[in-house]
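Reader: Could you take me through the aromatic side chains in this one? I'd like a close look at how the rings pair up and what sits around them.

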Amino acid sequence: MKIILGPASTQLGKQVAQTLKAETVPVAFKTFPDGENYLRLEGQLQNEDVAIVQTTSPPQDTRLIQLALMADSAKRNGAKKVTAIVPYLAYARQDRIFLQGEPISAETIARMLKAAGVEQLITVNVHQDKVLSHFPFPARSVSAIPLLAEYFVKKGHAKAFALSPDKGAIHIAEEARKILGGECGYLEKNRDRYTGQVSMEMKTLDIKSKTVIIFDDIVSSGGTIVAAAKILKELNPQRIYVACVHPLLIGKAERLILQTGVEEIVGTDSVPSSVSKVSLAPVISRELAR
Ligand code: R5P
């Protein structure tokens with residue numbers, strides 16, 4: 001297998017290749033003055049299985065187009081099978097119609113990628129697994145939650161309380177609890193579908209004097225974590241940490257979260273950022289070697 005180093009995930013791609021002892025294919029790329037993308041695969045792909053590593057965090061549209069161009073180029077250059085490794089899958093949160101007149105964006109993107117040449121897709125902690133079953137090629141999501149929980153165990157926070165900011169994501173807190181060995185729980189989140197505003201209800205949780213780690217798949221505006229941390233503070237925990245798979249951290253998100261008294265935000269290199277302290281290379285390599 002050869003690993004194509006997508007421009008958005010060059011480092012991660014190199015680490016995956018190193019783990020698998022696979023050859024890498026560099027990608028030359030540039031942006032034309034009008035904003036269009038150009039790229040060229042710099043390697044031989046004839047009769048090779050290839051994996052393109054390319055996250056699609058912002059600027060997501062550019063990165064999706066680059067992914068499509070790489071898949072097209074791989075097929076044109078004789079690749080046997082093209083697998084897209086997309087740690088953060090853009091548009092995945094629009095996985096159903098919430099308001100009349102909306103598209104199912106996740107499916108639109110998948111069809112676009114199939115047309116370009118993608119034959120299989122692996123992502124990480126996709127917002128809802130079930131969206132992948134509607135994709136026009138085999139697609140699966142692997143979890144980075146154990147890696148994040150292990151980070152905290154190594155830092156001396158075994159037995160910390162794992163909390164999900166949303167009842168629908170309790171499975172994430174439960175997954176973390178299995179590694180941390182403590183308890184877990186959830187808050188009740190509501191998001192206004194028109195304004196995006198997040199609200200949370202006060203809840204009784206046994207976290208007094210305990211270390212709490214809020215686990216979420218995505219931190220984007222930070223609104224969810226800020227609302228959760230404010231409620232937790234009322235319950236007098238000893239410390240609050242945040243663990244997320246995809247640290248998009250748009251605008252002032254990081255500052256707003258830390259201002260609530262959160263000690264540390266820990267993310268993965270799904271989205272390269274100042275908080276990307278956990279690499280996805282082990283989990284992606286394992287999945288590719290399967
Ligand atoms: C939504 O349900 C996700 O799990 C995240 O909680 C959400 O995407 C975070 O977004 P934000 O940081 O903008 O509140």
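Author: Here's a walk through the ring pairs, then the charges next to rings. Keep in mind that this is a predicted model.

Searching the whole structure turns up five aromatic pairs. Take Phe32 and Tyr38 to begin with: their rings meet edge-to-face, with 6.0 Å between centres and 75 degrees between the planes. Phe32 has a relative accessible area of 34%, so it's partly exposed. Tyr38 lands in that class too, because its relative accessibility is 33%, and the cut-offs put anything between 20% and 50% there.

Now for Phe152 and Tyr241. This pair is edge-to-face as well, at 5.5 Å centre to centre and with the planes 65 degrees apart. It ties together distant parts of the chain: Phe152 belongs to helix H4 (residues 145-154), while Tyr241 is in strand S14 (residues 239-247), and 89 residues separate the two. As for exposure, Phe152 and Tyr241 are both buried. They also have company, as Tyr151 and Phe215 join Phe152 and Tyr241 in one aromatic cluster.

On to the charges. Back at Tyr38, Lys30 lies over the face of the ring, 5.2 Å from its centre. So Tyr38 has Phe32 as its edge-to-face partner and Lys30 over its face, with a distance cut-off of 6 Å for a charge to count as sitting over a ring. Elsewhere, Lys203 lies over the face of Tyr186, and there the distance to the ring centre is 3.4 Å.

Notes. Residues are numbered from 1 along each chain as its sequence is written. This is a predicted model: local features need pLDDT of at least 70, side-chain atom pairs count only at pLDDT 80 or more; totals for chains, interfaces and linings use all residues. Side-chain values use heavy atoms; hydrogens and water are left out. Rings of Phe, Tyr and Trp (its six-membered ring) pair if their centres lie within 6.5 Å; planes under 30 degrees apart count as stacked, over 60 as edge-to-face and the rest as tilted. Buried means under 20% relative accessible area, exposed over 50%, partly exposed in between (1.4 Å probe, protein chains only). Helices (H or I, at least four residues) and strands (E, at least two) are DSSP runs, numbered from the N terminus. A charge sits over a ring if NZ of Lys or CZ of Arg is within 6 Å of the ring centre and within 35 degrees of the ring normal.
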